Amino acid sequence: MENMEKKIDEAGTLESLEKIRVEIFGKKGMLAAEFAKMKDIPGPEKKAFAEGLNRLKAQLLERFERRHAQLEAEEMQSRMRAEAVDVSLYAPNGVKGALHPVKDTMDRIVDYFTALNFSVESGPMVEDDFHNFEALNLPKNHPARDMQDTFYFSDGTLLRTHTSPVQIRTMMKRKPPIRIIAPGSVFRRDYDLTHTPMFHQVEGLVVDEKAKVSFANLKWILTDFLHEMFGEVDIRFRPSFFPFTEPSAEVDISCIFCGGSGCRVCSRTGWLEVLGCGVVDPNVFEAVGYEDVSGYAFGLGVERFAMLIHHIADLRSLFEGDIRLLEQFR
Ligand SMILES: [Zn+2]
């Protein structure tokens, strides 16, 4: 009996304690053997024998539980010591990640406009014809639909070809004044040096009373924005056509590679086209039920900005995930 208590106390690990448990309390253990002797004990002494045995069992059990708890605590302690991390250790060669240049450029663009109180809006990538085309003054059979080769699903929905549907959705659920940008992925059936099937846009929309919004406002804000992004470049607005704005303009900056003298990148023109903009066409306001308001909108390709800012020649390299390209942006 004392022998058993000693054994329990001296068990050094939970594993060896478990073996002792089987030895004492198991079906073929020491206690079972003692209880088996009951049948040979004469009647009058049986009761006292059983009581003694039960007392012994309770004592051993209590001892066992205590040792088990001790060992468990000890093992937990030593495991925690072994797994401890010294956060003060000096790590001279820690490898830092970096933002992808497209994400980084998108953040810079969004930061500029949110600082001017534009709110950031988003919408679904799977769109319907109304939000992606119809409400933007692109009725069915309109030739300008060919400008944007579209991925269609069998149920007639499509992958949005621009983030403009976000402008429509915002106007349909909110009253003016509106001052938003819509950054996000867009999709077109196109693939070459300067086109990929998926790319990113940021579009902006401002709508307010007629007296408060003009082409002059638009020109000021885009000029300031482009100086912020590209430094001291010359900027020109060229008349253009978009179905959802009238008048419309394309905006060029003086070539950041040759300073305007003409090179391969700018096709010897000295200018680089960077965004499109215009005053919102009244047909768009009619489609969303707005009256007596004026607005301007603009849109740009984020990859184009990233390529110009970081001097990247092939658009596709932005999507190939080559770690050698990405490592340069740490
Ligand atoms: Zn140039």
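**Entry 1: the zinc site**

I looked up the burial of two cysteines first, and in this predicted model both Cys255 and Cys266 are buried. I then listed the protein donors of the zinc ion, which are Cys255 (SG), Cys258 (SG), Cys263 (SG) and Cys266 (SG), lying 2.2 to 2.3 Å from the ion. For the geometry I checked the angles among the 4 donor atoms, which run from 103 to 114°, and the site is tetrahedral. Along the chain I read the spacing of the donor residues as C-x2-C-x4-C-x2-C. Cys255 and Cys266 both lie in the loop between β7 (245-254) and β8 (271-280), so this pair ties together parts that are 11 residues apart in sequence.

**Entry 2: helix α8 and its two partners**

I turned next to helix packing, noting that two packed helices are described by the angle between their axes and the distance between the axes. The axes of helix α5 (residues 101-115) and helix α8 (residues 215-230) come within 11 Å and cross at roughly 140°, which makes α5 oblique to α8. I recorded the crossing of α5 past α8 as right-handed. On the α5 side I found Thr105, Arg108, Ile109, Tyr112 and Phe113 making the contact, and on the α8 side Ile221, Asp224, Phe225, Glu228 and Met229.

I then followed α8 to helix α10 (residues 302-310), where the two pack at an angle of about 45° with their axes 10 Å apart; that makes α8 oblique to α10. Here α8 contributes Phe225, Leu226, Met229 and Phe230, while α10 contributes Phe305, Leu308 and Ile309. Comparing my two lists, I saw that Phe225 and Met229 of α8 appear in the contact with α5 and also in the contact with α10.

**Entry 3: helix α7 and Thr170**

How many of the 10 residues of helix α7 (residues 164-173) are buried? I found 7, so the helix is largely enclosed by the rest of the structure. The buried residues of α7 are Ser164, Pro165, Val166, Gln167, Ile168, Thr170 and Met171. I looked for what covers these residues, and the cover includes the strands β2 (126-127), β4 (178-187), β5 (198-209) and β9 (293-301), together with the helices α6 (129-132) and α9 (282-288).

From this helix I picked out Thr170, which is placed in α7, and checked its accessibility: at 1% relative accessibility, Thr170 counts as buried, since the cut-off for that label is under 20%. Which residues does Thr170 touch, not counting residues up to four places away in sequence? I noted Glu121, Ile178 and Ile180.

How values were computed: Residues are numbered from 1 along each chain as its sequence is written. This is a predicted model: local features need pLDDT of at least 70, side-chain atom pairs count only at pLDDT 80 or more; totals for chains, interfaces and linings use all residues. Side-chain values use heavy atoms; hydrogens and water are left out. Donors are N, O and S atoms within 2.8 Å of the metal (3.2 Å for Na, K and Ca); water is not among the atoms, so sites may look incomplete. Four donors count as tetrahedral if all angles lie between 85 and 135 degrees; four count as square planar and six as octahedral if opposite donors are over 155 degrees apart and all others between 65 and 115; anything else is irregular. Helices (H or I, at least four residues) and strands (E, at least two) are DSSP runs, numbered from the N terminus. Buried means under 20% relative accessible area, exposed over 50%, partly exposed in between (1.4 Å probe, protein chains only). Axes are lines fitted to C-alpha atoms, for helices over the stretch in contact, and angles run from 0 to 180 degrees between N-to-C directions. Angles under 35 degrees count as roughly parallel, over 145 as roughly antiparallel, 65 to 115 as roughly perpendicular and the rest as oblique. A crossing is left-handed if the near helix is turned anticlockwise from the far one by less than a right angle, and right-handed if clockwise. Contact means heavy atoms within 4.5 Å.
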